[in-house]
Amino acid sequence: MRLNHGRTSILAVALGVLLGAVSASAVFADSPHFLYASNSVSSSNGALTTSFKEVGLGTGTTSVTITLTVNDATAVYQCWNNGGKHPKAGNKETVNTELQASGTFPVSNGQSTASLTVGPPSPGSFSCPSGQTLFLMSVTYSGITVSDAFGNSLGATPDPISTGPIKIG
């Protein structure tokens, strides 16, 4: 049997180009991006939960790390007496801070759907005297984004988002 080296070389080059094109298309098909990031605030504790979906992660990716960042979280705490009135002295504390939470989530079929929760900012050492109850009068979150390790990010909505008052203690 006699081989035609010219034809064999052309076939080898064509096969190499075809395999390269298939590999390149798989690489270009991986285009991570967020489809949505939606905020909600718990009416029982004031925590912010951001639910998100990231797609385009590729079939070879098994997990993705997502970070939730809140640039401005403001909580107002106030003491109320047992009669349901806030004292004239106005025992009140306003706390303002940045918040951040990260998590690693499973990827299935090139996508991940999950949520992260932060807050509310702690009242710190602020507490109520005897006979009074601590309330979270309001909490507002703004500048809310989700981001991944690939450098993709998306602003979550609604932004800003608030709730209150909530009985804490």
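In this predicted model, the torsion about the S-S bond of Cys79 and Cys128 is about -100°, so the disulfide is left-handed. The sulfur atoms of Cys79 and Cys128 are 2.2 Å apart, the criterion for a disulfide being a pair of cysteine sulfur atoms within 2.5 Å. Application of this criterion yields one disulfide. Distant parts of the chain are linked by the pair, since Cys79 lies in strand β3 whereas Cys128 lies in the loop between β5 and β6, 49 residues apart. Helices (H or I, at least four residues) and strands (E, at least two) are DSSP runs, numbered from the N terminus. Cys79 is buried, with a relative accessible area of 0%; buried denotes under 20% relative accessible area, exposed over 50%, and partly exposed the range in between (1.4 Å probe, protein chains only).

Residues are numbered from 1 along each chain as its sequence is written. Local features of the predicted model need pLDDT of at least 70 and side-chain atom pairs count only at pLDDT 80 or more, while totals for chains, interfaces and linings use all residues; side-chain values use heavy atoms, with hydrogens and water left out.

The chain contains one helix and nine strands, arranged along the sequence in the pattern α-β-β-β-β-β-β-β-β-β. Of its 169 residues, 32% count as buried. With a contact defined as heavy atoms within 4.5 Å, residues 24 or more positions apart account for 70% of the contacts in the chain with a separation of 6 or more. The mean pLDDT (the predictor's confidence in each residue, from 0 to 100) is 86 for the chain, and 80% of the residues reach 70 or more. Over residues 11-29, however, the pLDDT is below 50, and this stretch has one contact in the model beyond near neighbours in sequence. Where pLDDT is low, the predicted coordinates should not be read in detail.

Aromatic pairs were assigned to rings of Phe, Tyr and Trp (its six-membered ring) with centres within 6.5 Å; planes under 30 degrees apart count as stacked, over 60 as edge-to-face and the rest as tilted. Three aromatic pairs result from this rule. The ring centres of Phe34 and Phe52 are 6.3 Å apart and the planes stand at 80°, so this pair is edge-to-face. Phe34 belongs to strand β1 (residues 33-41) and Phe52 to strand β2 (residues 48-55), so the pair ties together parts that are 18 residues apart in sequence. Phe34 counts as buried at 9% relative accessibility, and Phe52 is likewise buried, with a relative accessible area of 0%. Phe52 also forms an edge-to-face pair with Phe105, at 5.5 Å centre to centre and 70° between the planes. Because Phe52 lies in strand β2 and Phe105 in strand β4 (residues 92-106), this pair ties together parts that are 53 residues apart in sequence. Phe105, like Phe52, is buried. One aromatic cluster is formed by Phe34, Phe52 and Phe105.

A nonpolar core is a set of buried Ala, Val, Leu, Ile, Met, Phe, Trp, Tyr and Cys residues joined through side-chain atoms within 4.5 Å. The largest such core has 32 residues, and those with the most contacts inside it are Leu48, Phe52, Ile66, Val70, Tyr141 and Ile144. At least two residues of this core are supplied by each of β1, β2, β3 (63-81), β4, β5 (112-118) and β6 (132-148). Strand β3 gives the most, with eight residues. In soluble globular proteins, nonpolar side chains tend to be buried together. When residues up to four places away in sequence are not counted, Ile144 touches several residues, including Leu48, Leu68, Val70, Leu154 and Ile161.

Strand β3 also contains Thr67, which counts as buried at 16% relative accessibility. The side chain of Thr67 makes a polar contact with that of Ser102 (2.8 Å); a polar contact is a pair of N or O atoms within 3.5 Å, where within protein one must be able to donate a hydrogen and the other to accept it, and residues adjacent in sequence count only if both atoms are side-chain atoms. Among the residues touched by Thr67, with those up to four places away in sequence not counted, are Gln100, Leu116 and Val146.

The loop between β2 and β3 holds Thr59 and Gly60. Thr59 counts as exposed at 79% relative accessibility, and Gly60 is exposed with a relative accessible area of 73%. Thr59 and Asp30 are 29 residues apart in sequence and 8.3 Å apart in space, C-alpha to C-alpha. For Gly60 and Gly110, the C-alpha to C-alpha distance is 7.8 Å, with their positions 50 residues apart in sequence counted as separation.
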